Protein chains: 2
Amino acid sequence: MAKPKKTPRPKAETPKGFRDYFGAEVTQRAEMLRKIAGVYHRYGFDALESSGVETVEALGKFLPDVDRPNEGVFAWQEDADADKPGDWLALRYDLTAPLARVYAQHRNDLPTPYRRYAMGPVWRNEKPGPGRFRQFYQCDADTVGAPSVAADAEICAMLADCLEEVGIERGDYIVRVNNRKVLNGVMEVAGVLDPSDPDKFAAERGIVLRAIDKLDRLGVEGVRALLGEGRKDDSGDFTDGAGLTDTQADVIMRFVDANDEVDRRILLGRQSESGDEATGSFELPSAVNLSPELEETIHIASAHARNKLVVDYLAGIVEDSHTGKEGVAELVTIYELVESQGYLADRIRIDPSVVRGLGYYTGPVFEAELTFEIKDDKGRVRNFGSVAGGGRYDDLVKRFTGQEVPATGVSIGVDRLLAALHAKGRLTSDTVGPVVVTVMDKARMADYQAMVAELRQAGIRAEVYLGNPKNFGNQLKYADRRGSPVAVIAGGDEFDSGMIQIKDLILGAKIAENATLEEWKDRPSQYEVPRSDLVAKVREILELER
Amino acid sequence: MAKPKKTPRPKAETPKGFRDYFGAEVTQRAEMLRKIAGVYHRYGFDALESSGVETVEALGKFLPDVDRPNEGVFAWQEDADADKPGDWLALRYDLTAPLARVYAQHRNDLPTPYRRYAMGPVWRNEKPGPGRFRQFYQCDADTVGAPSVAADAEICAMLADCLEEVGIERGDYIVRVNNRKVLNGVMEVAGVLDPSDPDKFAAERGIVLRAIDKLDRLGVEGVRALLGEGRKDDSGDFTDGAGLTDTQADVIMRFVDANDEVDRRILLGRQSESGDEATGSFELPSAVNLSPELEETIHIASAHARNKLVVDYLAGIVEDSHTGKEGVAELVTIYELVESQGYLADRIRIDPSVVRGLGYYTGPVFEAELTFEIKDDKGRVRNFGSVAGGGRYDDLVKRFTGQEVPATGVSIGVDRLLAALHAKGRLTSDTVGPVVVTVMDKARMADYQAMVAELRQAGIRAEVYLGNPKNFGNQLKYADRRGSPVAVIAGGDEFDSGMIQIKDLILGAKIAENATLEEWKDRPSQYEVPRSDLVAKVREILELER
């Protein structure tokens with residue numbers, strides 16, 4: 001008989017694009033999700049958890065990248081039943097498509113409007129890249145069944161609250177709000193959208209939207225080139241343009257220029273077209289050193305004035321488009337509603353440069369950006385950028401029920417937000433390790449276990465060393481690796497005399513690092529105490545080192 | 001041209017065997033996981049989160065049901081690369097197989113021993129049934145790299161702590177501990193295990209293990225029948241037996257009888273074979289009404305005595321098997337270690353009837369059972385049963401590295417535990433709804449938003465009604481459906497006078513239910529207060545109704 005083939009050992013590897021999260025990475029994310037859930041809850045949102053698996057039929061074709069509607073999901077076919085082929089199932093790629101399915105399925109049992117939040121992993125079958133994973137967390141809140149833009153305004157305010165709740169300080173973020181209807185109005189005015197035939201100019205519109213979205217990266221010149229004939233990038237590659245005439249491109253560029261123009265108006269104190277005094281604009285020479293007090297005054301004044309100046313400017317561009325005017329009116333309602341709750345333009349800002357990739361948005365769109373600078377992997381300074389986004393999507397439930405159901409929502413990228421807090425030094429990678437009770441005498445294991453039990457019952461994280469106790473040095477190395485603040489040592493002598501040794505490992509490490517420092521000479525890092533003082537002494541050291 | 005086919009609407013349904021969780025179902029589970037994580041953390045365990053997707057190669061064939069090693073997972077093949085076929089990927093079916101992969105992959109960066117906990121969904125591609133889902137939560141803690149049974153003992157103590165932490169009272173659960181080595185020793189003595197040829201008698205051993213596992217359901221007679229020729233059940237179906245001789249079956253039956261025999265010995269005060277006085281056995285007539293004090297004394301005495309009596313009895317059965325004696329010695333160590341921490345046999349009990357299905361266990365096995373009775377869906381009284389289980393599995397990492405790595409761990413079934421707390425009335429399905437600010441005048445939306453903002457800033461859950469405000473009755477129906485404790489009402493009159501109406505909905509509901517009760521006649525359920533008293537008055541009502 002042939003010798004049975006040896007099976008090769010399996011490779012111990014995650015699939016490509018997946019990763020493991022350890023210790024603080026897990027607990028900090030859980031803590032962040034808990035805080036965000038707390039804000040969502042306070043705003044009246046209820047928790048929903050659907051499963052990771054949906055039918056491909058229910059998920060539909062609303063994948064984020066509009067160019068590849070059928071790709072991007074992990075999917076498989078169920079085994080065939082006796083009489084019919086198995087369903088195609090897939091891992092959810094976001095939390096919005098499942099919400100549409102849930103709402104359509106359970107709508108008779110749910111309140112209207114239905115405010116729900118959901119948090120959990122989603123999966124994308126995409127080419128993995130550095131920092132780009134095929135499983136990641138989303139943390140969403142959506143309101144289904146509320147047609148009023150008050151629902152959008154509420155979500156923008158809630159988003160600002162969430163960012164502050166997890167530790168992003170006021171001034172370090174901005175929630176930027178735009179409206180698809182304004183974008184459509186601008187395109188209508190420019191002649192790249194025909195309201196009577198929405199499919200006309202679709203390709204041109206796609207190029208225009210993508211060009212606007214690249215303003216940050218390409219600048220005004222680059223966008224202008226993409227609107228016209230096209231653009232050659234630094235590598236020499238050529239990107240086709242939308243082929244707009246100069247007149248058409250001028251309309252788009254006026255729109256693209258909105259932010260800069262408003263900034264100029266605020267700084268130079270020019271009166272906006274509307275001439276409304278409530279805008280708080282004022283005269284100011286452009287190149288002056290300002291006192292901190294004056295800067296603060298300008299900040300508040302411009303926060304009050306800015307949103308109004310922006311919508312007035314936009315209204316001027318889209319005055320010939322019904323859709324565009326409707327969009328501007330919605331933006332006015334949004335900023336008025338959030339201002340009534342105390343959120344001025346320094347936190348929630350009307351900003352025409354927000355595009356958002358997803359095809360399904362139909363009204364207001366919003367994005368939270370962190371405004372502080374960080375250094376990237378290569379040491380270059382850059383803005384941290386977007387950590388959350390969302391908007392109104394009134395057509396998603398209709399797929400199932402045939403009835404249009406208005407909906408709006410936001411998705412917070414918790415992993416990016418965690419990275420931001422790390423970059424700002426607000427989170428450390430360390431968790432406090434356990435007190436380690438070392439093992440000098442294997443036969444005394446019951447005594448060591450009794451010690452850790454006492455510590456734990458006092459709420460102190462503690463463990464017995466459970467490796468091979470022969471080499472005591474290994475036990476202290478282990479304690480070091482675990483980040484243990486304290487080691488407890490008890491051998492035969494100690495048990496005879498009823499005493500134990502308690503070693504302050506944090507102080508010990510400090511002394512080892514700075515052996516010359518006089519102040520530590522008088523402070524011992526190891527104590528002998530009666531066994532009965534175990535908990536009290538350990539607690540004393542922990543409080544001292546905190 | 002042919003008319004384009006109308007696409008039929010997608011069905012709004014979860015895939016078969018999956019479900020959605022709403023509101024309190026989600027938050028109560030999250031809260032339970034947080035509490036269990038707290039206990040795991042206190043015992044020195046670190047969090048680990050691996051992805052839901054693994055390579056089929058890494059997951060291996062350790063599926064729980066040993067009869068169908070290749071089935072049971074959701075799997076699919078990746079797209080082929082230029083030169084080689086795509087990997088097969090699958091959803092994890094438990095958290096242990098991924099741990100083995102993680103440890104093998106990262107072992108040089110992890111402490112040894114490595115204590116880790118993990119919680120999250122797992123997926124089983126099985127036929128769904130009532131209450132049986134294809135995605136469910138697991139919540140595991142494992143120690144990798146600790147050969148000593150002190151690690152097993154620690155996990156048993158931690159399991160007891162977890163149950164109490166989530167609200168299972170002492171006396172309502174028992175952690176039952178057995179050892180695969182004892183089972184093997186018994187089979188060796190009975191002649192259905194040949195240590196020199198472990199593959200011999202494999203089928204018989206399978207039948208014997210399954211028979212022992214069915215003791216609860218089939219009783220002593222049923223088990224005996226399965227050890228011999230086989231058994232015809234009530235429906236007339238015949239199950240083949242292991243075909244053991246009477247002498248062989250007697251050995252197994254002595255083992256199966258262990259619990260009952262020990263109970264008899266404790267109650268009748270017979271001296272155990274060892275005659276050890278420390279067992280605390282005592283004389284007692286069998287049919288006497290006992291005072292509560294005496295019952296308590298017996299309870300404590302038997303809790304002290306029981307584990308020793310059981311292992312003595314087991315030692316008597318396996319005295320001719322090296323493996324069996326080793327297993328008994330391990331059980332002695334385990335109960336001594338947990339007793340040193342205060343866990344007696346009323347919480348952690350050596351119990352030979354624990355088998356645990358999984359093929360990979362190699363030493364101690366344990367199971368947490370809830371001992372209180374509940375009524376099932378059909379109104380029948382039954383024991384709630386198992387909510388957690390685990391054991392030692394020393395071979396799982398070896399698949400990857402070739403080196404044997406000792407490991408032991410536990411998995412808590414949080415969904416069953418939640419069901420148990422519901423059955424005991426310790427959890428209600430309701431969450432407190434938000435305060436609802438109703439909309440009497442759409443144009444005043446900014447004022448209503450300012451009210452909810454104030455409430456939220458005071459930490460009170462609150463929302464504006466965002467549905468169509470035309471029908472005020474619908475707004476109150478909505479508040480009712482949401483379980484709102486308070487509704488705020490302000491229309492034109494109120495705004496003019498600077499007053500608002502605050503309606504106590506909980507009291508209102510009570511009055512509606514018991515309209516005759518005198519005591520409520522004097523207590524109004526609706527108040528008119530100045531706008532500036534909004535937060536204070538709402539808080540007052542919430543505190544009153546709590």
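## Strand pairing within chain A

In this predicted model, strand E12 and strand E13 (residues 381-392) of chain A run antiparallel and are joined by 9 bridges. Within this pair, A:Glu373 has A:Asn383 of E13(A) as its bridge partner. The two strands form a hairpin with 5 residues between them, and in that hairpin A:Gly379 adopts a positive phi near 80°.

E12(A), which spans residues 364-375, also pairs with strand E8 (residues 173-179) of chain A, again in the antiparallel sense, and here the pairing extends over 7 bridges. A:Tyr173 is the residue that stands opposite A:Leu370 in E12(A). Strands of a sheet pair through backbone hydrogen bonds, in either a parallel or an antiparallel arrangement.

## A sheet with strands from both chains

An open sheet of 9 strands, with mixed pairing, follows the order E1(A)-E2(B)-E6(B)-E7(B)-E14(B)-E13(B)-E12(B)-E8(B)-E11(B). Its edges are strand E1 (21-22) of chain A and strand E11 (348-350) of chain B, and because each of these has a single partner strand, one side of each is left without a neighbour in the sheet.

The link between the chains in this sheet is made by E1(A) and strand E2 (residues 46-49) of chain B, which run antiparallel and are joined by 2 bridges. In this pairing A:Tyr21 has B:Glu49 of E2(B) as its bridge partner.

## Helices on the sheet

Helix H4 (residues 150-165) of chain B lies across strands E7, E8, E11, E12, E13 and E14 of chain B, and runs at about 15° to E14(B), the strand of residues 407-412. Helix H13 (residues 414-423) of chain B also packs on the sheet, where it touches E7, E12, E13 and E14 of chain B, and its direction makes about 150° with that of E13(B).

## The interface and its symmetry

Across the interface, 77 residues of chain A are in contact with 77 residues of chain B. On the side of chain A that touches chain B, helix H14 (residues 445-457) of chain A gives the most, with 6 residues. By class, that side of chain A holds 35 nonpolar, 22 polar and 20 charged residues.

A turn of 180°, with a shift of 0.0 Å along the axis, lays chain A on chain B with an RMSD of 0.1 Å, which is the relation of a two-fold axis. The residue of chain A that comes closest to the rotation axis is A:Trp76, whose C-alpha lies at 2.9 Å. Since 100% of the interface residues of chain A are also interface residues in chain B, the copies meet through the same surface.

## Overall make-up of chain A

The secondary structure of chain A comprises 18 helices and 19 strands, and of its 546 residues 44% are buried. Among the contacts in chain A with a separation of 6 or more, 68% are between residues 24 or more positions apart.

## Confidence

The model scores ipTM 0.88 and pTM 0.88. For chain A the mean pLDDT is 86, with 89% of its residues reaching 70 or more. Residues 62-70 of chain A stay under 50, and for this stretch the model has 12 contacts beyond four places in sequence. Residues 270-285 of chain A likewise have pLDDT below 50, with 28 contacts in the model beyond near neighbours in sequence. Where pLDDT is low, the predicted coordinates should not be read in detail.

Technical notes
Residues are numbered from 1 along each chain as its sequence is written. Chains are lettered from A and ligands numbered from 1 in the order in which they are written. This is a predicted model: local features need pLDDT of at least 70, side-chain atom pairs count only at pLDDT 80 or more; totals for chains, interfaces and linings use all residues. Two strands pair if DSSP finds at least two bridges between them. Helices (H or I, at least four residues) and strands (E, at least two) are DSSP runs, numbered from the N terminus. Two residues are in contact if their C-beta atoms, placed from the backbone, lie within 7 Å. Axes are lines fitted to C-alpha atoms, for helices over the stretch in contact, and angles run from 0 to 180 degrees between N-to-C directions. pLDDT is the predictor's confidence in each residue, from 0 to 100. Ala, Val, Leu, Ile, Met, Phe, Trp, Tyr, Cys and Pro count as nonpolar, Asp, Glu, Lys and Arg as charged, and the others, Gly among them, as polar. Copies are superposed by least squares on the C-alpha atoms of residues with pLDDT of at least 70 in both. A residue is buried if 20 or more other C-beta atoms lie within 10 Å of its own, exposed if 12 or fewer, and partly exposed in between; C-beta atoms are placed from the backbone.
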